[in-house]
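Open the structure in your viewer and keep the selection box handy. This tour goes stop by stop. At each one, select what is named and look around.

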Amino acid sequence: MTDLVVKSQDIVGRILTLELVRVTERAAVAAARWRGRGNEKAADQAAVDAMRRELHRLPIDGTVVIGEGERDEAPMLYIGEKLGTGFGPAVDIAVDPLEGTTLCANDMPGSIAVMAMATGGALLHAPDVYMEKIAIGPGYPHGIVDLDLSVAENIAALAKAKGVAPKEISVLLLDRPRHRPILDACREIGCPVRLIPDGDVAGVIFTTRPEETGIDIYIGVGGAPEGVLAAGALRCVGGQMQGRLILDSEEKVERAARMGVADPRRKYDLAELAAGDVIVSLTGVTDGPLVSGVRFDKDAIRTETLIYRSTTGTVRRIGAEHRGNVLWDCKAAVR
């Protein structure tokens, strides 16, 4: 009987893995209709509506634990929202229907539609606040980087483990004024630094493929929701990550406490950010280092998706051609 239950759960996981591809594909296509039009809110709204519609079709009892934030004044799949048919496994859902709204609005590289699904209670229930983060890819001894170490100490430790000089470690930072001290420390060492305008889910994932992306380590402050999503992907392919919520007001501390965060200064490791059976799907909206963006051809829409699953340790790259009704559905998105 136990074997049958395990096999049944695996079949459900396999089915949901493929279904999540459909969810992020539809969100990406809807958002891509707004590429270069300069309207961030409209692009985000299109992605949200498409993602919500597809998630409601899934045979799950889903709860959004990581949703879109009020910080960007954007429409949201809100924390606590119930999704799915209600008949199926209880799952946590983390969503970013359009990571890189500015990138999409300006038709710049790196915008994606991304979501994660995990067994109920497996994802950190984080409020929409900022988070200190540090992340590296797989293949290194556990614990060689730490949020409580200095930038120089972390880079030196990673360089030693990699067998290179510290100045050979490539660092990725969000291009924000708050990161000037980190940038200055990297410049002092002589490290190459890539500054990105947006997209720190992809930024963390870059560390898992340094031979392709040229990135060894992600350091800095970004959104907590994006941190949990990125942790989900790292769980699937290996790597290390730590995160610490920035709860710099009584209101934020109280809001976090209502979500189960007892220690506002707690340092979370990868397994605490995303545990259990995690599935992550991301589809390109604009071209980027991870995936190609949506292509609108005469008779088809082409998408590229990466789908990660932690229990099998697999990463699948799925290129798809969408024909028929999906064309008309998406064309109606822009008026």
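Before you start, note that this is a predicted model.

**Stop 1: the annotated positions**

Select Glu99, Gly100, Thr101, Tyr130, Arg176, Pro177, Arg178, Asp198, Gly199, Asp200 and Gly223. An unreviewed UniProt entry lists them under "binding site". Colour them and leave them visible. Two of the listed residues, Arg176 and Asp200, come next.

Zoom in on arginine 176. This residue sits in a loop, with β6 (171–174) on one side and α5 (180–189) on the other. Is arginine 176 buried or partly exposed? Its relative accessibility is 26%, so it counts as partly exposed. Now show its contacts. Setting aside residues up to four places away in sequence, arginine 176 touches Ile196, Pro197 and Asp198. Asp198 is also in the UniProt "binding site" list.

Move to aspartate 200. Helix α6 (residues 200–206) holds it. Aspartate 200 is buried, because its relative accessible area is 5% and buried means under 20%. Which residues does aspartate 200 contact, leaving aside neighbours within four places in sequence? Show Glu99, Lys133, Leu174, Tyr218, Gly222, Gly223 and Glu226. Glu99 and Gly223 carry the "binding site" annotation too.

**Stop 2: a further annotated pair**

Select Asp44 and Glu68. The UniProt annotation "binding site", again from an unreviewed entry, covers both. Follow aspartate 44 into helix α2 (residues 40–55). Its relative accessibility is 2%, so aspartate 44 counts as buried.

**Stop 3: helix α5**

Select α5 and look down its axis. Which residues of α5 are buried? They are Ile182, Leu183 and Cys186. These residues cover an arc of only 100 degrees around the axis, so they lie on the same side of α5. Turn to the other side of the helix: Arg180, Pro181 and Glu188 are exposed there.

Next, show what covers the buried residues. The cover includes α4 (151–162), β6, β7 (193–196) and β8 (217–223). Then step just past the end of α5. Glycine 190 takes a positive phi of about 100 degrees there.

**Stop 4: helix α4**

Select α4, part of the cover you have just seen over α5. Put a distance label between its end C-alpha atoms. They are 16 Å apart, and the twelve residues, at 1.5 Å a residue, should span 16 Å, which agrees.

Now pick out Val151, Asn154, Ile155, Leu158 and Ala159, which are buried in α4. Seen down the axis, the buried residues fall within an arc of 130 degrees, so they line one face of the helix. A general point helps here: an α-helix has 3.6 residues a turn, so residues three or four places apart point the same way.

What covers the buried residues of α4? The cover includes β5 (130–136), β6, α5 and β8. Just after α4 comes glycine 163, with a positive phi of about 80 degrees.

**Stop 5: leucine 172 in β6**

Select leucine 172, which is found in strand β6. With 0% relative accessibility, leucine 172 counts as buried. Leaving out residues up to four places away in sequence, leucine 172 touches Arg194, Ile196, Gly203, Phe206, Ile215, Ile217, Tyr218 and Ile219. Add aspartate 216 to the selection. Its C-alpha atom is 7.9 Å from that of leucine 172, though the two are 44 residues apart along the chain.

**Stop 6: glutamine 242 in β9**

Jump to glutamine 242, in strand β9 (residues 240–246). It counts as buried, at 14% relative accessibility. Its side chain reaches the backbone nitrogen of leucine 147 at 2.8 Å. Not counting residues up to four places away in sequence, glutamine 242 touches Glu132, Lys133, Ile134, Val145, Asp146, Leu147, Lys267 and Tyr268. You met Lys133 earlier, in contact with aspartate 200.

**Stop 7: an unusual backbone angle**

Select aspartate 107. Look in the loop between α3 (101–105) and β4 (112–119). Most residues other than glycine have a negative phi. Aspartate 107 is not a glycine, yet its phi is positive, about 55 degrees. Aspartate 107 is partly exposed, with a relative accessible area of 48%.

**Stop 8: the cysteines**

Last, show cysteine 104 and cysteine 236. Cysteine 104 is buried, at 0% relative accessible area. Cysteine 236 is buried as well, at 4%. How many disulfides does the structure hold? Zero.

Note on methods
Residues numbered from 1 in each chain as written. Predicted model: local features only at pLDDT ≥ 70, side-chain atom pairs only at ≥ 80, totals over all residues. Heavy atoms only, no water. UniProt positions renumbered as here; feature names shortened; annotations may be inferred. Helix = DSSP H or I, 4+ residues; strand = E, 2+ residues; numbered from the N terminus. Buried < 20%, exposed > 50% of the residue type's maximum accessible area, 1.4 Å probe, protein only. Contact = heavy atoms within 4.5 Å. Arc of directions from axis to C-beta. Disulfide = S-S within 2.5 Å. Polar contact = N/O pair within 3.5 Å; in protein donor to acceptor, adjacent residues only side chain to side chain. Expected span 1.5 Å × (residues − 1).
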